[in-house]
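Biologist: I am new to this model and would like a close look at one part of it, the packing of its helices.

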Amino acid sequence: MDGRRRNPYELTEETPVYVISVAAQLSGLHPQTLRQYDRLGLVSPDRTAGRGRRYSARDIELLRTVQQLSQDEGINLAGIKRIIELENQVAALQSRVAEMEAALEGAAAAMRQREAAVHASYRRDLVPYQEVQQTSALVVWRPKKAKD
């Protein structure tokens with residue numbers, strides 16, 4: 001969660017509210033098809049204390065996707081299950097990448113802050129040392145003669 005307290009009565013797309021008959025109507029599938037999808041692990045709705053199925057809006061969307069892949073694309077149910085698993089893996093990995101990018105940005109910001117603090121602590125009365133380049137030039141020094 002994002003740290004804020006949620007209203008316990010607030011409905012989200014993950015809130016399981018639809019009984020199987022309503023979910024069947026909303027998805028355009030027969031209730032027995034929903035039961036079969038549940039047994040196969042394609043769409044697994046939440047359960048009530050009495051073991052009744054409760055579907056969320058996300059489950060309804062997934063049921064529609066399964067139907068579309070099966071009917072329109074001709075993909076068998078095992079293939080659809082694998083597609084769903086891979087999509088879930090991709091979503092989890094994208095979430096993890098976002099977390100790691102945020103952590104990296106935080107670490108980089110902290111490093112920049114520490115670097116700025118170190119630079120601010122430099123003594124300003126010191127002159128930076130610059131290495132003298134050696135050459136093969138010959139310099140002749142002739143002292144001036146003192147005038148009497």
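How do helix 1 and helix 3 lie relative to each other?

Modeller: This is a predicted model, in which local features need pLDDT of at least 70 and side-chain atom pairs count only at pLDDT 80 or more, while totals for chains, interfaces and linings use all residues. Residues are numbered from 1 along each chain as its sequence is written, and side-chain values use heavy atoms, without hydrogens or water.

Helix 1 covers residues 20-27 and helix 3 residues 57-71 (helices are DSSP runs of H or I, at least four residues, numbered from the N terminus). The two pack at an angle of about 50 degrees, their axes 9 Å apart (axes are lines fitted to C-alpha atoms over the stretch in contact, and angles run from 0 to 180 degrees between N-to-C directions). Helix 1 and helix 3 are therefore oblique to each other (under 35 degrees is roughly parallel, over 145 roughly antiparallel, 65 to 115 roughly perpendicular, the rest oblique). Their crossing is right-handed (the near helix is turned clockwise from the far one by less than a right angle). On helix 1 the contact uses A23, L26 and S27, and on helix 3 it uses I60, L63, R64 and Q67 (contact means heavy atoms within 4.5 Å). Four of these residues are nonpolar, two polar and one charged (Ala, Val, Leu, Ile, Met, Phe, Trp, Tyr, Cys and Pro count as nonpolar, Asp, Glu, Lys and Arg as charged, the others as polar).

Helix 1 also packs on helix 2, residues 31-40, at about 100 degrees with axes 8 Å apart. Helix 1 and helix 2 are therefore roughly perpendicular. Here I20, A23, A24 and S27 of helix 1 meet P31, L34 and R35 of helix 2.

Helix 3 has a further partner in helix 4, residues 77-120, with an angle of about 130 degrees and axes 10 Å apart. That makes helix 3 oblique to helix 4, and this crossing too is right-handed. L62, V66, L69 and S70 of helix 3 touch L77, I80, I83 and I84 of helix 4. By class, seven of these residues are nonpolar, one is polar and none is charged.

The chain is divided into domain 1 (11-74) and domain 2 (75-124), with bounds from an automatic or database assignment. Between them the domains bury about 750 Å², 76% of it on carbon and sulfur atoms (buried area is the accessible area, with a 1.4 Å probe, that two parts lose on being put together, summed over both). On the domain 1 side, L40, L42 and L69 lose the most area, together 54% of what that side buries.
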